[in-house]
Amino acid sequence: MPGQMLAAMFYAPGDVRLEERPIPEPGPGELVLQIAAATTCGTDVKTYVRGHPLLFKHPPAGFGHEAAGIVAAVGPGVQGWKEGDAVVAANSAPCDRCFYCRRGRYSLCEDLLLLNGAYAEYLLVPARIVQRNLYRLPQGLSFTAAALTEPLACALHGAEESEIQPGDTVLIIGAGPLGLLLAAAARLMGARVLVSGHGAQRLALARHFGAEQVFETGSLSSEEQRALLRAATPEGRGADVVIEAVGTPETWELAVSLVRRGGLVNFFGGCASGTHISLETRPLHYDELTLKGVFHHTPTYFARALELIASRQIPVEALITARFPLAETVTALHLLLQKQGVKYALIPPAFARDLPRRADPGE
């Protein structure tokens, strides 16, 4: 596939450039995906600001990891896929051989293959992902909805690891895209869901995704949030499960103060490297709290997420504030940094014929 493509390349924090790059050619077991839609992610926004120790060891490098499209070329030895197939590729695949894979802990794989480069016209999909974590799109499913399979897979992993039982009160701190998808996942599990966060648009979406109550906490101190949110739990004892989906040390500490005795706290939001939290030891011991972190997704969760999207059980496209041409990738990132919108779909030129020259983030 000779020729050039438009691609967003990460050079350094704050330095992402839209450039002409050679269209990749597939090697043995690989395929090339012509991207029809890519969606922005909170991890990408954080990475744009501060870099990422796992994703960008050798910049410049491709950017973005949520995408769906059409198979444009297949390499030697690829079976089961052909040009023209509509697919969604996960952004990772485990090795299936290491200590953790042998125990079914695929998100902890010691050789987890991570894929970036979704903000482009074409993406080379490695052989391991082709074999392990590539999925055909059900008929009628939009490319934008399919691109949201990856964040929903992460949310499903987070919700299941939170050991939610029907009737539990689940408090989710953070009304960003993952907080909203966690709310939807917890509601499907039969929980009573509370969501705290900032911004009328996001809190309205939280209700749309199943939250029974929402709380605007953007202007409140930690003490004020603690009083407000505990009062919303049964008899003020605290939530059965608290899921932190912001990723700051302050909200991690707040989460522990909002769970009931014997409850579980899921530190789902990733904090910046090198940060620490301080916790009082007495309630951890005498209240028998469970504190855990949950990272990423697995092929099982990815497949389940695609099924939930295709069956319309979780209306993921409600997360999309607007659709932008691929060339406006940096514009979308800046809008998210300014807390405008929830997620944006980035559409390459071949699929952007009906887009306005400048998308309106108020759409």
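This tour moves through selected parts of one structure, from a helix to a sheet, then to charged pairs and a buried alanine. The model is predicted.

**Stop 1: helix α1**

Select residues 42-50, which form helix α1. Colour Asp44, Val45, Thr47 and Tyr48, the buried residues of this helix. Turn the view until you look down the axis of α1: the buried residues fall within an arc of 165 degrees, so they line one face of the helix. A general point helps here: an α-helix has 3.6 residues a turn, so residues three or four places apart point the same way.

Against which elements do the buried residues of α1 pack? Display β1 (4-12), β2 (15-22) and α11 (329-337), since these are the elements that the buried residues of α1 pack against. Before leaving the helix, select Gly51, which follows α1 and has a positive phi, near 80 degrees.

**Stop 2: a sheet of three strands**

Keep β1 and β2 on display and add β4, residues 61-62. Together they form an open sheet in the order β2-β1-β4, with antiparallel pairing. The edge strands are β2 and β4, each of which pairs on one side only. In general, strands of a sheet pair through backbone hydrogen bonds, either parallel or antiparallel.

How many bridges join β1 to β2? There are eight, and the two strands run antiparallel. To find one facing position, select Ala12, which stands opposite Asp15 in β2.

**Stop 3: salt bridges**

The structure holds 16 salt bridges. As a general rule, side chains of opposite charge can pair when their charged atoms come close.

Begin with Arg21 and Glu19, which form a salt bridge whose closest N and O atoms are 3.0 Å apart. Is each partner buried or exposed? Arg21 is partly exposed, with a relative accessible area of 26%, whereas Glu19 is buried, with a value of 16%. Glu19 counts as buried because the limit for that class is under 20% relative accessible area.

Next, select Glu66 and Lys343, another salt bridge, with the closest N and O atoms 3.1 Å apart. This pair links distant parts of the chain: Glu66 is in the loop between β4 and β5 (67-74), Lys343 is in strand β18 (residues 343-347), and they are 277 residues apart. Both Glu66 and Lys343 are buried.

Then select Arg132 and Asp96, whose side chains meet in a salt bridge at 2.8 Å, N to O. Arg132 belongs to helix α2 (residues 127-132) and Asp96 to the loop between β7 (92-93) and β8 (113-114), so this pair too links distant parts of the chain, 36 residues apart. Arg132 counts as partly exposed at 26% relative accessibility, and Asp96 counts as partly exposed at 37%. Now show Lys82, Asp85 and Arg136, which are joined into one network by salt bridges that share partners.

**Stop 4: Ala90**

Finally, select Ala90 in the loop between β6 (86-89) and β7. At 0% relative accessibility, Ala90 counts as buried. Which residues does Ala90 touch, not counting those up to four places away in sequence? They are Leu115, Ile129, Asn133, His297 and Phe302. To end the tour, mark the C-alpha atoms of Ala90 and Arg128: they are separated by 11 Å, and the two residues lie 38 residues apart along the chain.

Key:
Residues are numbered from 1 along each chain as its sequence is written. This is a predicted model: local features need pLDDT of at least 70, side-chain atom pairs count only at pLDDT 80 or more; totals for chains, interfaces and linings use all residues. Side-chain values use heavy atoms; hydrogens and water are left out. Buried means under 20% relative accessible area, exposed over 50%, partly exposed in between (1.4 Å probe, protein chains only). Helices (H or I, at least four residues) and strands (E, at least two) are DSSP runs, numbered from the N terminus. The arc is that of the directions from the helix axis to the C-beta atoms. Contact means heavy atoms within 4.5 Å. Two strands pair if DSSP finds at least two bridges between them. A salt bridge is a side-chain nitrogen of Lys or Arg within 4 Å of a carboxyl oxygen of Asp or Glu.
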